[in-house]
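Please open the structure in the viewer and keep the selection panel at hand. The stops below may be followed in order.

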Amino acid sequence: MEVFLSLYFTDHLNQRKKIDDKIVSIQEGVFDIKINKIYNSLTFVVQDLYIAPQLVGDLVERVEIRYKVDNEVVEKFVIDSIDYLKDNNIKVFCKSKTIRYTTKIDKIIQCSSLKGLLNSLLEDINYDKLTDIPLLFDYEIDNKTVEEVVSDLSKITGFEYYFYQGVLYFEDKKRIQKDDVAIKRFSEISDIIDFSTSTNKDEKKINKIYINKKDDTVFAAKPTIALDIKDSPQCCSPDDVKIFTDDDNNTYKINPVNAFFIVYFSPTIQLPKCNIEYEVGDRILIEEYKLNNDEYVELMGGIDEIIAIEGVENHTFKVGYNMLVFDKVEKGELKVTYKTKVLHGTIEHSKYPKNVNFLITHFNQKIDYTHKIELNGFYPIPYDFTLNLMSDWGIDYSEAINKDITISKKSGDVFVIVENHTSDSFGEMKFNINEYNTYKFELSGQEPLYLDWYINKKQIYMDEIQ
């Protein structure tokens, strides 16, 4: 493989000179593919070359390197700084031309996609396998370099970039496979070594990302979801209205009790996925906040419309997002009324305890929640009741396992034996309650235990007078 290297210098008179014969040493030349690098660097020592001070750091290309690995490459560099050495030598620190775009900038860029934003900031871009990510905002840069902006966006979206042979590449995050072909790198000018990475053979990893920008900070308008259930836990209830009279001749009514859930989400431009049947609707929300040097608040749901706001002078928001941004740092009370889109639905009543598992996803957000329907105020029959001899009866574990228990139910003023059971190796005994009554449990060597099981009452006790 043929390898050659030549350096050219453009002086203050705009004259281009080949300076190979003036090079004392090339101390560093890094032209490798390094993830999240926006330029190449070159450091060399040269003799008898005049570099005007005004050329240093002016971000105009002054050094050109021509080298050949598999094919000839021409790469241009700006002079970042110089050191004056003895023997009339100068040490020159260079960065490839992308560095010219890393000066501090302050501007607002209107764009609709990530590629559009990068195109407005950089030149000589190859997107290769980068998904075009929609941006729903005006991007404001306050005293940032493009290098800092690209780094911020890379952290948010997960894309990768690298500078290679004069071109800045952007790609979705790579996966290295066993059969990938190594990419060459020009490491120390005189040598070529393999670099352990490759182009991406996987499917594209980025779908959509939504970003908000405020002042000099990139706010990731992180997709959010929140689940609200009333009531949770939900109490067991009958399938139809039950009317009954207690011992004191008081009449009561127990109704079927449903629970209701709402899913709040941001952005509202796409619906979450929910495994429970739901409907889509609008809700008017009123939220209050105590502000303490805050520049923004994140509301429960995405803002489709601000109806009323108290406590701040000026605010901005993007429709569908939950971020309410102020034009200055704010203190005090904030009250905001707004309309948002929600998912809502009903969790039907159940006369027996059960779990309802929610699995909700929205972009990269996930809710995996178990809603419980529990016994509380209504007690059905028939019912499989589990008696724990340790927690319910207060018996030591060693005395609670594999024990014979007699079960009686109340008939008038006496108890009539109805069943015999044996506790298991966990100290528990299970039996089926098929009528409302007071039950007595008897175990040799222990005081009797009583259970009241009525339509609206469950009580365990050891004193029958209760």
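In this predicted model, a search of the whole structure finds one cavity of 30 Å³ or more. The volume of the largest cavity is about 50 Å³. To display its lining, select Lys97, Thr98, Tyr101, Glu123, Asp124, Phe163, Gly166 and Leu168. Colouring that selection by class gives three nonpolar, two polar and three charged residues.

**The three-stranded sheet**

Next, select residues 125-126, which form β9, and residues 160-164, which form β11. Add β12, residues 167-171. These strands make up an open sheet in the order β9-β12-β11, with mixed pairing. Both β9 and β11 are edge strands, each pairing on one side only. Between β11 and β12 the pairing is antiparallel and extends over five bridges. To locate a point on that pairing, label tyrosine 164, which stands opposite valine 167 in β12. Two residues of the cavity lining, Phe163 and Leu168, may be kept on display here.

**The nonpolar core**

Which residues touch the most other members of the largest nonpolar core? Show Leu121, Leu122, Val150, Phe159 and Phe170: in this core of 25 residues, they are the ones that do so. Then colour β8 (105-113), α1 (114-121), α2 (146-157), β11 and β12, each of which supplies at least two residues of the core.

Within helix α1, pick leucine 114. Its relative accessibility is 0%, and leucine 114 therefore counts as buried. Now draw a C-alpha to C-alpha distance from leucine 114 to aspartate 132: the separation is 6.1 Å in space, although the two residues are 18 residues apart in sequence.

**A lysine in β10**

Move to strand β10, residues 134-144, and select lysine 144. Is this lysine 144 buried or exposed? Lysine 144 has 13% relative accessibility and so counts as buried, since the cut-off for that class is under 20%. Show the side chain of aspartate 152 as well: a polar contact of 3.1 Å links it to the side chain of lysine 144.

**The partners of β26**

For the last stop, select strand β26, residues 323-347. Strands of a sheet pair through backbone hydrogen bonds, either parallel or antiparallel. The following strands may be added one at a time.

- β21, residues 259-266, runs antiparallel to β26 and is joined to it by six bridges. Label valine 263, which faces leucine 343 of β26 as its opposite residue.
- β23, residues 279-298, is also antiparallel to β26, with 18 bridges between them. Here aspartate 282 has lysine 341 as its bridge partner in β26.
- β24, residues 305-310, pairs with β26 in the antiparallel sense over five bridges. Alanine 308 marks this pairing, standing opposite threonine 337 in β26.
- β25, residues 315-316, is antiparallel to β26 and joined to it by two bridges. Opposite threonine 316 stands valine 325 in β26.

Finally, centre the view on the hairpin of β25 and β26, where six residues lie between the strands. Select glycine 320 in this hairpin and inspect its backbone: the residue takes a positive phi near 100°.

Definitions and conventions
Residues are numbered from 1 along each chain as its sequence is written. This is a predicted model: local features need pLDDT of at least 70, side-chain atom pairs count only at pLDDT 80 or more; totals for chains, interfaces and linings use all residues. Side-chain values use heavy atoms; hydrogens and water are left out. On a 1 Å grid over the protein atoms alone, a cavity is a set of points where a 1.4 Å probe fits but cannot get out, and a pocket is an open set with protein on both sides within 12 Å along at least five of seven lines; lining residues have an atom within 4 Å of a point. Grid points are joined across faces, edges and corners, and a volume is the space filled by probe spheres set on the points. Ala, Val, Leu, Ile, Met, Phe, Trp, Tyr, Cys and Pro count as nonpolar, Asp, Glu, Lys and Arg as charged, and the others, Gly among them, as polar. Two strands pair if DSSP finds at least two bridges between them. Helices (H or I, at least four residues) and strands (E, at least two) are DSSP runs, numbered from the N terminus. A nonpolar core is a set of buried Ala, Val, Leu, Ile, Met, Phe, Trp, Tyr and Cys residues joined through side-chain atoms within 4.5 Å. Buried means under 20% relative accessible area, exposed over 50%, partly exposed in between (1.4 Å probe, protein chains only). A polar contact is a pair of N or O atoms within 3.5 Å; within protein, one must be able to donate a hydrogen and the other to accept it, and residues adjacent in sequence count only if both atoms are side-chain atoms.
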